[in-house]
Structures are given as structure tokens and as C-alpha cells.
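I set out to look up how helices pack in this model and what lines its pocket space. The entries are kept in the order in which I worked.

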Amino acid sequence: MTELHKNLINGEWVGGDGADNINPSNTNEVVGVYARATQQDTLDAIAAAKAAFPAWSHSGILQRWEILSKTAHEIFARKAELGELLSREEGKTLAEGIGEVTRAGQIFEFFAGEALRLSGESVPSVRPGVGVEMTREAMGVVGIITPWNFPIAIPAWKIAPALCYGNTVVFKPADLVPGCSWAIVDILHRNGLPKGVLNLVMGRGSVVGQAMLDSKDIVAQTFTGSVNTGRRVAEASVKVMRKFQLEMGGKNPTIVLDDADLKVAVETTAQSAFYSTGQRCTASSRLIVTEGIHDQFVAALTEGIRNLKVGDAIAKDTEIGPVVDPGQLKQDTDYIEIGKGEGAKLVVGGELVKRDNPGYFLQPALFTEATNQMRIAREEIFGPVAAVIRVKDYDEALAVANDTEFGLSAGIVTTSLKYATHFKRNAEAGMVMVNVPTAGVDFHVPFGGRKGSSYGPKEQGKYAAEFFTQVKTAYTAAG
């Protein structure tokens, strides 16, 4: 029988009913069996985290550095193994899977260093003989809920700073991809993390997630996922006056101007729109192209899409892996039909692809003759589907790019310093890319958006302290 991967609660591995983790490249393969926590398991995990907080929040910075550093080194040492696990459970290509695991290791390594760089301020008061100190302290029990599309990087960039700054954690990964999350928790546990500091509760959002949101003992909640669920997190958090941080959807634009290098434009937009099977909140699904380069660009990108190899995530020649599950595949194909019905022209892709193994394979789809009012240009599809919107000039392109309820990432391809500089200042997005894909940022800089994409402090880098700590001001009179 396949081994049951258990939940970690108060330093003990706790079993229960298991669920199969299915490989989207080969639905006949069970990647592993993972326990699903109950409501009581979740309450036990919250209680354990609360009990562990006083000691952990006052632990030495060298202890935190050592645990986080050892975790980083083990992740680096096992990147091939963990990368394959990621690709098998989520569907990213093997190169992308190994790359994401490497990123997780870098994040833990960065926050190991941050544990040694904890600092505050000391200033004189306006009153003579009185000093003032401003310090950052841990929040308490932090709830972490992560999505399925980055099953190791996003857990890493939430767990690592939470622990670095002295918080205790109740962690619920996406029910669809528990494998990498279980591996991270196992590594931290074996590398000396005290019991109760990190608790893993895998399972359904309706059970585990709801129990977390209902608890007054979770004082801060960080969430990455859908807009609808993010709103529920916000509503539940306000009721108990909990600090919360949301990373949600995107409908990201990439502008291609007449002066763009055509090769750079095609490579940048293909990477932005279709790699990781388009299953990124930073994916560019709106390609806003000025009329002088439009036809050339569409012809070149169409040919590039035709040549993309869709297949098993583990295969060395695969460039686009499968969609994650049948529900997401149906959403993608439904939106393709919606686009056709709205009058957009499907110029390439959009068909299901058959391979030797049964899997959720979809050829990336490109629409032209789209407008920014169409549903395919306004709603997040979260798959390898992009729409080209023809515009007259840069001014119209910028207006169309900003005409969205989202504001996560935005890109432009141009050789003009004038337009690049203007776009960086005037794009209504939290992250702006010039001549590079919109697919995320480095591990040491802030990640996050504006408008309906994000709420609360940014994630990653030193900016993570804004969410995972609280500021204390203390006065001392001399003598």
C-alpha cells in the first residue's frame, strides 16, 4: 500500500482519511496519498501554535538562522528530487519545477540571513533625558493558506518570514498539490523546529480553511488564491479584527509597440502568456499591440505557438505541461468558446492534445480581433489563453492596459527610453516589466499588486516584515 503522508500537529505526525495526489500528465499515476485534516485537527493545530508562541517569539536569532539555513541547504541538495515531485503533482515542466524548488531554497536562505539582521531604531525624545526605541515583534499565530500553482515557492515565501520573525504557524496548502508542502514541513521539522511552531493541516478549504478563519487565536492570515475566496478571508478576518494579507487575481497586460524588437516581443509574450501552462497570477493574457507591428507580431507569435511542444511535464522536450486538473481544463475550454462567441478570432491552438498517457493537455490558444470589453479580456482565465488587442498608439495602449479591475503585473516591449520610462511611472500595477516577461520577481524584492489583485503589505524581501511583525514604541527615562 502507498504510504500515508500525515499532518504535523504539535510536533507529531497525525493520520486520518487520505486522498490521492494525481499526476495531471498521467492520470493513472498516484503521486502519493495525503491525509486530510478534520475541523478538530485544525483546532488542535491552532492550540499548539498558540502554546508554542511565547517560547518561539523569544528564541535566539542564531537558533532561527540555523533552522532556516539548514532547511535551505537541504532544499538545494534535493532540488532534482523535489523538482520532479513538483512537476508530477502540479504539471510544470521539469525545468520549471527544479527552478521553483531552487527559488524556495533561496527564500529560506534569505530569511535565515534576515533573522540575523533584525533591527530597530533608537532616537531621542523631544523631552530631555528620555530615549525612544522602535522595535519589531512577532504577531502571534499566523494562518497560511497557499494555492496550487506554485506549490513550493509560495509556501516558502510565507513560512520562511513567519518563522524568521518569531511567529508560529498553522499552514494549509492547496488540497490539489500537498506533496511539496508536506516535504517543506518535514524538512523544517527534522532540522530542529520546536514542536507546535509549525503545524501542517492538509485538506479541504471548506473544513480546514473555514476552521482557521473562524478562530480568534489566529491573529494574522496570509492568503494567495482566487478573488472570491480572498473576499471571504477578508470578511472573516474583519469580524475578529485579524490582520490579513491577500494576493489574488490578475488580468495582466503586455504592450508591444511599433518600435519593439520583434524577436524580443515574441519571446517575451510567449513566456508571459503560456509558460507554466498560463497558470500564473502574473501571466499576460492581454497582448496590447500597436497597429504598425500588429500583423507581423501576430504571424510570428502564431508560428511560435504552433511549434510549442505540449506533453508530459517530466519529458525533456516538453515546453508546456498539462493543465492541473479537469476542473481547470473545463474552465480554459469554456473561455475559449466564450471568446469565439464574443467575436474574437481564434488563430491558433485551443484544442485538446492526446499523448501516450491520459492527461489534461491543451494547446496554447491565441485570439486576435479582441476588444478590452470582452470577457476573455476582463476575466482571469488562468490557463494558456491570450488575446491580442489592436490599438493605434502608445497612449491608447496605456489606457487599455490600465482599464482593468486588477493591477498585479504589467509589461511593455519597446526600444524607446521615453515610452519605457513613462510606462514604469504610469502603469497601474504593483510590478512593471520592460522587455522581460511578466512572470514574477526575484526572491529578495517585494511581490504584490494593486487594485483588486492584492490587499495589505507586499510579500518577499525585507518588505515581508511589514506583515509578519508589529511595531512597538518604548520610552526610557535616564536616571
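The entries below cover three helix pairs and then the largest pocket.

**Entry 1. Status of the model.** I note at the outset that this is a predicted model.

**Entry 2. Helices H5 and H6.** I began with the question of how a packed pair is to be recorded. Two packed helices are described by the angle between their axes and by the distance between those axes. I looked up helix H5, residues 153–164, against helix H6, residues 179–190, and found that their axes come within 11 Å and cross at roughly 25°. Angles under 35 degrees count as roughly parallel, and I therefore entered H5 and H6 as roughly parallel to each other. I recorded their crossing as right-handed. On the H5 side, I listed Pro-155, Ala-156, Ile-159 and Leu-163 as making the contact, and on the H6 side Ser-181, Ile-184 and Leu-188. I sorted the residues of this contact of H5 with H6 by class and obtained six nonpolar, one polar and no charged.

**Entry 3. Helices H9 and H10.** I next asked at what angle H9 and H10 pack. Helix H9 spans residues 262–274 and helix H10 spans residues 291–306; I noted an angle of about 55°, with the axes 10 Å apart. That makes H9 oblique to H10. H9 passes H10 in a right-handed crossing. From H9, I listed Leu-262, Ala-265, Val-266, Thr-269, Ala-270 and Phe-274, which meet Ile-293, Gln-296, Phe-297, Ala-300, Leu-301 and Ile-305 of H10. By class, I entered ten nonpolar residues, two polar and no charged for the contact of H9 with H10.

**Entry 4. Helices H13 and H14.** I then turned to helix H13, residues 394–402, and helix H14, residues 417–426, whose axes come within 12 Å and cross at roughly 25°. H13 and H14 are therefore roughly parallel to each other. I noted that H13 passes H14 in a right-handed crossing. Tyr-394, Leu-398 and Asn-402 of H13 meet Tyr-419, His-422, Phe-423 and Asn-426 of H14. I classed the residues in the contact of H13 with H14 as four nonpolar, three polar and no charged.

**Entry 5. The largest pocket.** How much space lies in the largest pocket? I entered about 1000 Å³. I found 38 residues lining this pocket, with Trp-148, Gly-225, Ser-226, Val-227 and Thr-229 nearest its centre. Helix H7 (205–214), strand E11 (220–224), helix H8 (227–239) and helix H11 (326–342) are the elements that give two or more residues to the lining. Which element gives the largest share of the lining? I recorded H7, with five residues. By class, I entered 15 nonpolar, 14 polar and nine charged residues for the lining of the largest pocket.

Terms used
Residues are numbered from 1 along each chain as its sequence is written. This is a predicted model: local features need pLDDT of at least 70, side-chain atom pairs count only at pLDDT 80 or more; totals for chains, interfaces and linings use all residues. Side-chain values use heavy atoms; hydrogens and water are left out. Axes are lines fitted to C-alpha atoms, for helices over the stretch in contact, and angles run from 0 to 180 degrees between N-to-C directions. Helices (H or I, at least four residues) and strands (E, at least two) are DSSP runs, numbered from the N terminus. Angles under 35 degrees count as roughly parallel, over 145 as roughly antiparallel, 65 to 115 as roughly perpendicular and the rest as oblique. A crossing is left-handed if the near helix is turned anticlockwise from the far one by less than a right angle, and right-handed if clockwise. Contact means heavy atoms within 4.5 Å. Ala, Val, Leu, Ile, Met, Phe, Trp, Tyr, Cys and Pro count as nonpolar, Asp, Glu, Lys and Arg as charged, and the others, Gly among them, as polar. On a 1 Å grid over the protein atoms alone, a cavity is a set of points where a 1.4 Å probe fits but cannot get out, and a pocket is an open set with protein on both sides within 12 Å along at least five of seven lines; lining residues have an atom within 4 Å of a point. Grid points are joined across faces, edges and corners, and a volume is the space filled by probe spheres set on the points.
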